[in-house]
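Visitor: I'd like a close look at a single part of this protein, please. Could you walk me through it at an easy pace?

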Amino acid sequence: MWRALARTTLRAVANYCGSPGVGLAPSTLTQQQLRHSKASKRFITTTSTAPQHNIGIMSVEKPKVVFVLGGPGAGKGTQCSRIVDRFQFTHLSAGDLLREERSREGSEFGNLIEDYIRNGKIVPVEVTCSLLENAMKASGKSRFLIDGFPRNQDNLDGWNRQMSEKVDFQFVLFFDCAEDVCVKRCLGRGQSGSGRTDDNLESLKKRISTYNNDSLPIIKFFEGAGQVKRIDASPDAEEVFGEVEKILVASGF
């Protein structure tokens, strides 16, 4: 029964999100919105030949995007909050957006997202990209830290299909942290009441395995293209941010 529900849900997402320039509506897809997708297309219109200022409802200037990657517990969220305060970025956590959607009353994707997160798997890219796109549009801002994305090749391919022409990608900020340090941080976070269902040893093992198998190759891909800023994330947060600050200032922020 669950597999049938998942297949039905993913077909609905793929059919809707596959249309050029169309993501989830601000409150995500509902059956009514699916029936009125043509009306949505009139509201959010993009074509490959349209001038840049007609893309969606984003600003004339393409928003600048920095991907923030690293293993679970590497300190991405902590550093992103400091970057927001110092450099006026908007922080978008792919994981937080998915967790919010999972807990949103009436979400048809809640159970699907919960199953993927609990089992340390990566949520289908159509869902994640659409949540990110809508959050960017709703913010009205022009600088974004996208935290925890892309996490695998499918994520990267989906981003390129849906978002690469709409943003000005800068680089990957990679927080490289020893695995034992990451495990200690995550377990401590869970014991202190983080409220995250994946801050436990069983889920953490799966998350680390997924990161090593799926996410590290993506980081290496960007590294090969000269688009990675690597930071040793094992020291304390203050020392790590000192290195982050140097990189962002040198990059013109």
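Visitor: Is Pro235 buried, partly exposed or exposed, going by its relative accessibility?

Guide: Happy to help, and please keep in mind that this is a predicted model. Pro235 has a relative accessibility of 22%, so it counts as partly exposed, because the buried class takes in values under 20%. You will find Pro235 in the loop that runs between β5 (228–232) and α11 (237–250). Once its neighbours within four places in sequence are set aside, Pro235 is in contact with Arg185 and Val240.

Pro235 also appears in a record. The unreviewed UniProt entry carries the annotation "binding site" for Gly73, Ala74, Gly75, Lys76, Gly77, Thr78, Arg189 and Pro235. From this set, the lining of the largest pocket takes in Gly73, Ala74, Gly75, Lys76, Gly77, Thr78, Arg189 and Pro235.

Let's turn to Ala74, another residue in that annotation. Ala74 lies in the loop between β1 (64–70) and α4 (76–87). With a relative accessibility of 3%, Ala74 counts as buried, because its value falls under 20%. Leaving out residues up to four places away in sequence, Ala74 touches Phe175, Cys177, Cys182, Arg185 and Ala233. Arg185 is therefore a residue to click on from either side: Ala74 touches Arg185, and Pro235 is in contact with Arg185 as well, contact meaning heavy atoms within 4.5 Å.

Key. Residues are numbered from 1 along each chain as its sequence is written. This is a predicted model: local features need pLDDT of at least 70, side-chain atom pairs count only at pLDDT 80 or more; totals for chains, interfaces and linings use all residues. Side-chain values use heavy atoms; hydrogens and water are left out. UniProt positions are given in the numbering used here, feature names are shortened, and annotations may be inferred rather than shown by experiment. On a 1 Å grid over the protein atoms alone, a cavity is a set of points where a 1.4 Å probe fits but cannot get out, and a pocket is an open set with protein on both sides within 12 Å along at least five of seven lines; lining residues have an atom within 4 Å of a point. Helices (H or I, at least four residues) and strands (E, at least two) are DSSP runs, numbered from the N terminus. Buried means under 20% relative accessible area, exposed over 50%, partly exposed in between (1.4 Å probe, protein chains only).
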